[in-house]
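Here is a short briefing to read alongside the model. Take a look at the fold below, and then we can walk through it together.

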Amino acid sequence: MYSPSISGVVASSVSGSRIFVYEVEGMRQSCETDQTSNPIRRSGSVFIAVPYDRMNQEMRRILRMGGKIVSIRPLNGAPETDGTVAPEQGLQSQKSGETSKSMTQAKEKVQVPVNLYKPANPYIGKCISTEELVREGGDGTVRHVKIDISGGNLHYLEGQSIGIIPDGTDKNGKPHKIRLYSIASTRHGDNLDDKTVSVSVRKLEYKSPETGEQVFGVCSTFLTGLQPGDDVKITGPVGKEMLLPDDEDATIIMMATGTGIAPFRAYLWRMFKENNPDYKFKGLAWLFFGVAYTPNILYKEELDKLQQEFPDNFRLTYAISREQQNVDGGKMYIQNRIQENADELWELNQKPNTHTYICGLKGMEGGIDEGMSAAAGKFGVDWAGYQKHLKKDHRWHVETY
Ligand SMILES: Cc1cc2nc3c(=O)[nH]c(=O)nc-3n(C[C@H](O)[C@H](O)[C@H](O)COP(=O)(O)OP(=O)(O)OC[C@H]3O[C@@H](n4cnc5c(N)ncnc54)[C@H](O)[C@@H]3O)c2cc1C
């Protein structure tokens with residue numbers, strides 16, 4: 001079995017720095033590689049240890065030599081004194097996915113509540129308040145609905161969803177099926193008393209392609225039509241895909257379209273608005289938010305305020321499709337913003353505690369992948385393969401609907 005230590009130029013400079021292991025395919029042997037004592041294997045992958053501050057430089061060098069980086073892993077327990085490591089250490093962590101998971105996932109002790117209330121026996125909450133989020137001149141109706149959940153055992157974490165059973169029956173006289181809504185409040189609720197849950201709901205409205213009649217969505221019409229005091233049947237909570245890591249130094253990249261902002265509102269409120277003794281966010285949060293018109297920027301006032309208050313920790317990038325133009329003169333969609341910032345996003349994604357979250361309209365991932373693919377390509381990295389590794393590591397989170 002191949003197990004030489006990685007040594008030479010790269011490894012000799014790792015002392016005192018965090019180290020990552022690049023798995024590289026197709027790197028040709030040459031005078032240059034021979035001279036730098038790279039860990040060349042004649043077939044398959046080679047593994048190269050790289051200190052954090054030389055990652056980009058090393059990527060370019062690998063690319064120059066015809067190599068393709070297929071994964072990047074933090075090296076668990078690398079000896080930082082002599083800088084010599086065995087490649088299997090990097091490979092093992094890749095296979096188990098445990099290294100970065102333990103660095104970035106929710107702490108073990110945090111219990112994720114799931115399905116505390118089921119459709120057969122839903123929690124009956126009470127609407128406390130309802131507020132229009134689309135301002136004058138905007139498109140459609142989106143309401144922030146706050147619901148009292150003080151009477152039972154319904155609790156949740158940021159990034160989860162609740163199920164709603166609308167009042168009434170379907171065309172067969174049966175109770176309506178549940179619809180899911182991302183929770184827009186933190187676990188402590190908008191009143192910070194652990195007694196409420198909030199959602200951001202777009203009223204679905206469209207012209208029937210068959211009859212041309214105006215059709216209204218069942219549950220979204222029910223929710224956006226609620227009045228304070230009305231009962232709401234709630235199930236859940238559900239979802240583990242969009243949980244926020246406990247790591248206070250993490251980089252959290254958020255990409256939202258429309259009501260996809262809901263879980264990110266919860267994250268940002270937890271990071272910057274609440275004073276939680278167990279979570280003092282010190283990392284970087286970067287929100288990309290795509291909407292049609294400025295009045296459709298949900299929670300705009302609060303987002304802008306957070307950005308002004310925390311300029312070092314919160315970046316805010318809007319894509320306003322009907323008002324802004326991309327470099328080609330077309331409409332500015334979220335993917336255009338991703339493409340504009342792809343190199344930086346790519347670089348941020350090299351850090352083992354960077355998480356990317358995508359939430360909103362189905363189909364928005366396509367453009368995002370295009371942007372990331374172009375950036376990764378500059379370093380000879382195949383984005384699809386790299387993204388698989390990010391997903392496996394629970395660092396690439398998607399919830400679109
Ligand atoms: C995990 C998750 C989280 C979600 N979070 C949110 C959220 O935070 N906020 C939010 O508003 N929604 C959210 N949704 C969507 C939500 O669950 C509902 O699907 C949405 O509100 C529509 O439900 P409805 O009962 O109003 O529509 P329904 O009465 O169920 O009608 C929907 C159906 O109408 C048809 N339809 C829709 N548009 C058209 C069209 N243009 N032309 C022809 N037919 C069409 C389709 O057949 C569609 O299935 C989320 C969904 C998921 C899965």
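Let's begin with strand β13 (residues 284-291): seven of its eight residues are buried, so the strand is largely enclosed by the rest of the structure. Please keep in mind that this is a predicted model. From β13 we can move to the neighbouring strands, then to the ligand, and finally to the protein overall.

**Strand β13 and its partners**
- On one pairing, β13 runs parallel to strand β12 (residues 251-257), with seven bridges between them.
- If you would like a landmark for the β12 pairing, look for Ile253, which stands opposite Trp286 of β13.
- β13 also pairs in parallel with strand β14 (residues 314-320), again through seven bridges.
- Here a handy landmark is Val291, whose bridge partner in β14 is Ile320.

**Strand β12 and its link to β15**
- Six of the seven residues of β12 are buried, so this strand too is largely enclosed by the rest of the structure.
- Besides its pairing with β13, β12 is joined to strand β15 (residues 354-360) by six bridges, and these two strands run parallel.
- Within that pairing, Met254 has Tyr357 of β15 as its bridge partner.

**Helices that connect the strands**
- Helix α7 (residues 261-273) forms a right-handed β-α-β unit with β12 and β13.
- Helix α8 (residues 300-309) belongs to another right-handed β-α-β unit, made with β13 and β14.
- β13 therefore takes part in both units, with α7 and β12 in one and with α8 and β14 in the other.

**The surroundings of the ligand**
- The ligand is surrounded by 21 residues, and the closest of them are Tyr206, Gly217, Cys219, Ser220 and Tyr401.
- By character, this shell holds 11 nonpolar, seven polar and three charged residues.
- Three elements each supply at least two residues of the shell: β7 (179-182), β8 (196-202) and α6 (218-224).
- Why does the ligand lie between domain 2 (123-238) and domain 3 (251-400)? Both domains give residues to the shell, so the ligand is placed between them.

**The protein overall**
- The protein contains 12 helices and 16 strands.
- Of its 401 residues, 43% count as buried.
- Among contacts with a separation of 6 or more, 74% are between residues 24 or more positions apart.

Definitions and conventions. Residues are numbered from 1 along each chain as its sequence is written. This is a predicted model: local features need pLDDT of at least 70, side-chain atom pairs count only at pLDDT 80 or more; totals for chains, interfaces and linings use all residues. A residue is near a molecule or strand if its C-beta atom, placed from the backbone, lies within 6 Å of it. Helices (H or I, at least four residues) and strands (E, at least two) are DSSP runs, numbered from the N terminus. Ala, Val, Leu, Ile, Met, Phe, Trp, Tyr, Cys and Pro count as nonpolar, Asp, Glu, Lys and Arg as charged, and the others, Gly among them, as polar. Domain bounds come from an automatic or database domain assignment. A residue is buried if 20 or more other C-beta atoms lie within 10 Å of its own, exposed if 12 or fewer, and partly exposed in between; C-beta atoms are placed from the backbone. Two residues are in contact if their C-beta atoms, placed from the backbone, lie within 7 Å. Two strands pair if DSSP finds at least two bridges between them. A crossover is right-handed if, with the strands pointing away from the viewer, the path from the first strand over the helix to the second runs clockwise.
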